[in-house]
Amino acid sequence: TWGPQRSSGLQNFQPPASFFSVPSMSADPQNDDDQPQEPQQPQTGEQAQQARAMKNMGGDSSRELDAAKVQAAMARLNTVDEATKLAQQAESERFAQLQKVVVKQEDVELVQREFELDPKEADLVLRENGGNVVQAIQALLVK
């Protein structure tokens, strides 16, 4: 080897025995008669703590869902859906109000030319500022 050897810190690494075990693929995890059972090895303090934490996370079965949690999640989704609908409605109302504002084509062209904007962007800035070209230009300068 070239140069002095460095310790990578992984030389004494010992993965837990459960690291190498493969979960059963049978339909009924409680009834695994076709697979030989590995003898349970004593767990270290950290392994036992992790096992208890995993057991507490899933309740009786990892496949069970807590009905209250599902209902709460669905309620949050409904709230988000309602908020999205309200935001879309508010945007539609804003668009309708902006369409009522009268803007001159020459003002649109001026703002478009001076600020190198798309005609739609120039029109929008003018409408947002009540069709007043001076206010529109000031708003663009502040951006």
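This report walks through the helices of one chain and three of its residues.

## The chain as a whole

The model is predicted. The chain holds five helices and zero strands. Read from start to end, the pattern is α-α-α-α-α.

How much of the chain is buried? Buried residues account for 13% of its 143 residues. The accessible surface is about 13000 Å². Carbon and sulfur atoms supply 53% of that surface.

Contacts can also be sorted by distance along the sequence. Take the contacts between residues at least 6 apart in sequence. Of these, 45% join residues at least 24 apart.

## Helix H3 and its two partners

Helix H3 covers residues 105–115. It packs with helix H4, residues 119–128. The axes of H3 and helix H5, residues 133–142, also come within 11 Å. The table sets out the two pairs.

| Pair | Axis distance | Angle | Handedness of crossing |
|---|---|---|---|
| H3 and H5 | within 11 Å | roughly 20 degrees | right-handed |
| H3 and H4 | 8 Å | about 115 degrees | right-handed |

Start with H3 and H5. Their axes cross at roughly 20 degrees. Angles under 35 degrees count as roughly parallel, so H3 is roughly parallel to H5. Which residues meet here? H3 brings Asp 107, Leu 110, Val 111 and Phe 115. H5 brings Val 133, Ile 137, Leu 140 and Leu 141. By class, the contact of H3 with H5 has seven nonpolar residues, no polar ones and one charged. Asp 107 is the charged one, because Asp counts as charged.

Now turn to H3 and H4. Their angle is about 115 degrees. Angles of 65 to 115 degrees count as roughly perpendicular, so H3 is roughly perpendicular to H4. On the H3 side, the contact uses Asp 107, Val 108, Val 111 and Gln 112. On the H4 side, it uses Pro 119, Ala 122, Asp 123 and Leu 126. What classes make up this contact? It has five nonpolar residues, one polar and two charged. The charged residues are Asp 107 and Asp 123, because Asp counts as charged.

Asp 107 and Val 111 appear in the contact of H3 with H5. Asp 107 and Val 111 also appear in the contact of H3 with H4.

## Three residues to find

Begin with Glu 116. Glu 116 lies in the loop between H3 and H4. Is Glu 116 buried or exposed? Its relative accessible area is 74%, so Glu 116 is exposed. The cut-off for exposed is over 50%. The backbone is worth a look too. Phi of Glu 116 is near 50 degrees, a positive value in a residue other than glycine.

Next comes Glu 121, in helix H4. Its relative accessibility is 43%, so Glu 121 counts as partly exposed. How far is Glu 121 from Val 111? The two are ten residues apart along the chain, and their C-alpha atoms are separated by 9.2 Å.

Last is Asn 129. Asn 129 sits in the loop between H4 and H5. At 17% relative accessibility, Asn 129 counts as buried, because buried means under 20%. What does Asn 129 touch? Leaving out residues up to four places away in sequence, Asn 129 touches Gln 135, Ala 136 and Ala 139.

Definitions and conventions:
Residues numbered from 1 in each chain as written. Predicted model: local features only at pLDDT ≥ 70, side-chain atom pairs only at ≥ 80, totals over all residues. Heavy atoms only, no water. Helix = DSSP H or I, 4+ residues; strand = E, 2+ residues; numbered from the N terminus. Buried < 20%, exposed > 50% of the residue type's maximum accessible area, 1.4 Å probe, protein only. Contact = heavy atoms within 4.5 Å. Areas by Shrake-Rupley, 256 points an atom, 1.4 Å probe, with all protein chains shown as cover. Axes fitted to C-alpha atoms, helices over the stretch in contact; angles between N-to-C directions. Parallel < 35°, antiparallel > 145°, perpendicular 65-115°, else oblique. Left-handed = near helix turned anticlockwise from the far one by under 90°.
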